[in-house]
Structure formats: structure tokens, C-alpha cells
Amino acid sequence: MSRKLFVGGLPWATTDEGLRKAFEEFGLIEEANVVRERDSGRSRGFGFVTFESADDAKTAMEAMNDQELEGRQIRVDIANSSPRRRDDY
């Protein structure tokens, strides 16, 4: 299982640090980042959390999926191993 989780449905105001804090109770986190638009810097409403342990990632996914974060229900799933490219559509 992957150590990297996709987190969707994030509130626009969620920061990298806020995302990290929401998941840190489940284990050691290598990276937490909210994806932002290149030009405006505005959140795109999703991000990724990478744990040091695949077991911790699984525990976090099971605990946090469909939970509320900063007033919005989030979706947590295993991140795809490779991003889709525009020519894949």
C-alpha cells in the first residue's frame, strides 16, 4: 500500500500546516501540501499527505475519510502512483 494519501474537498483556507496538523495524530508525516493554482496561488481544494509508514497512511485514510475539516467534509483515498496527463483524457 502507498504511503501517500489524496485529500479532496479541502476548504479554500486550508494551509499546508493545517493539513499536516489534521493528520499528524496518525503517525509521522514526511510531507503535507495543498495544491495551488500556478498563477493565483489559490487553493485548488485538494492536497496530499505522505506518511513515513504505509500502515499509518491506511489508519489515517480509514479515520479521516468523510470527516469534517474546517467546516467541510473531506474525501481521503490512496493517491494515484502517477498523475494523469492531458493527452490521457
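The following conversation works through the fold, the aromatic rings and a few individual residues of one predicted protein model.

Q: What kind of model is this, and how are the residues numbered?
A: The model is predicted, with local features needing pLDDT of at least 70, side-chain atom pairs counting only at pLDDT 80 or more, and totals for chains, interfaces and linings using all residues. Residues are numbered from 1 along each chain as its sequence is written, and side-chain values use heavy atoms, with hydrogens and water left out.

Q: How many helices and strands are there?
A: The protein has two helices and six strands; these are DSSP runs numbered from the N terminus, with helices being H or I of at least four residues and strands E of at least two.

Q: In what pattern do they follow along the sequence?
A: The pattern reads β-α-β-β-α-β-β-β.

Q: How much of the protein is buried?
A: Of the 89 residues, 37% are buried. Buried means under 20% relative accessible area, exposed means over 50%, and partly exposed lies in between (1.4 Å probe, protein chains only).

Q: And what surface does the protein expose?
A: About 5900 Å² is exposed, and carbon and sulfur atoms supply 40% of that area. Accessible areas come from the Shrake-Rupley method with a 1.4 Å probe; for residues, only the protein chains shown count as cover.

Q: What share of the contacts joins residues 24 or more positions apart?
A: Among contacts with a separation of 6 or more, such residues account for 61%. A contact means heavy atoms within 4.5 Å.

Q: Turning to the rings, how many aromatic pairs are there?
A: There are three aromatic pairs. One of them, Phe46 with Phe48, is edge-to-face, at 6.0 Å centre to centre and 90 degrees between the planes. Rings of Phe, Tyr and Trp (its six-membered ring) pair if their centres lie within 6.5 Å; planes under 30 degrees apart count as stacked, over 60 as edge-to-face and the rest as tilted.

Q: Which residues do ring pairs link into a cluster?
A: The cluster consists of Phe6, Phe46 and Phe48. Phe48 has 19% relative accessibility and therefore counts as buried.

Q: Which charged ends sit over rings?
A: The charged end of Lys4 sits over the ring of Phe48, 4.9 Å from its centre. That of Arg42 sits over the ring of Trp12, 4.3 Å from the centre. The criterion is NZ of Lys or CZ of Arg within 6 Å of the ring centre and within 35 degrees of the ring normal.

Q: What does Ala32 contact, leaving aside neighbours within four places in sequence?
A: Ala32, in strand S2 (residues 29-36), is in contact with Asp16, Leu19, Arg20, Phe48 and Val49. Its relative accessible area is 8%, so Ala32 is buried.

Q: And Thr50, buried or exposed?
A: Thr50 counts as buried because its relative accessibility is 10%. The residue is found in strand S3 (residues 43-51). Not counting residues up to four places away in sequence, Thr50 touches Arg3, Lys4, Ile29, Glu30 and Glu31.

Q: Where is Asp66, and what is its phi?
A: Asp66 is in the loop between helix H2 (54-64) and strand S4 (68-69). Its phi is positive, about 65 degrees, although Asp66 is not a glycine. With a relative accessible area of 46%, Asp66 is partly exposed.

Q: What about Glu70 and its phi?
A: Glu70, also not a glycine, has a positive phi near 50 degrees. Glu70 is placed in the loop between S4 and strand S5 (72-73), and at 46% relative accessibility Glu70 counts as partly exposed.
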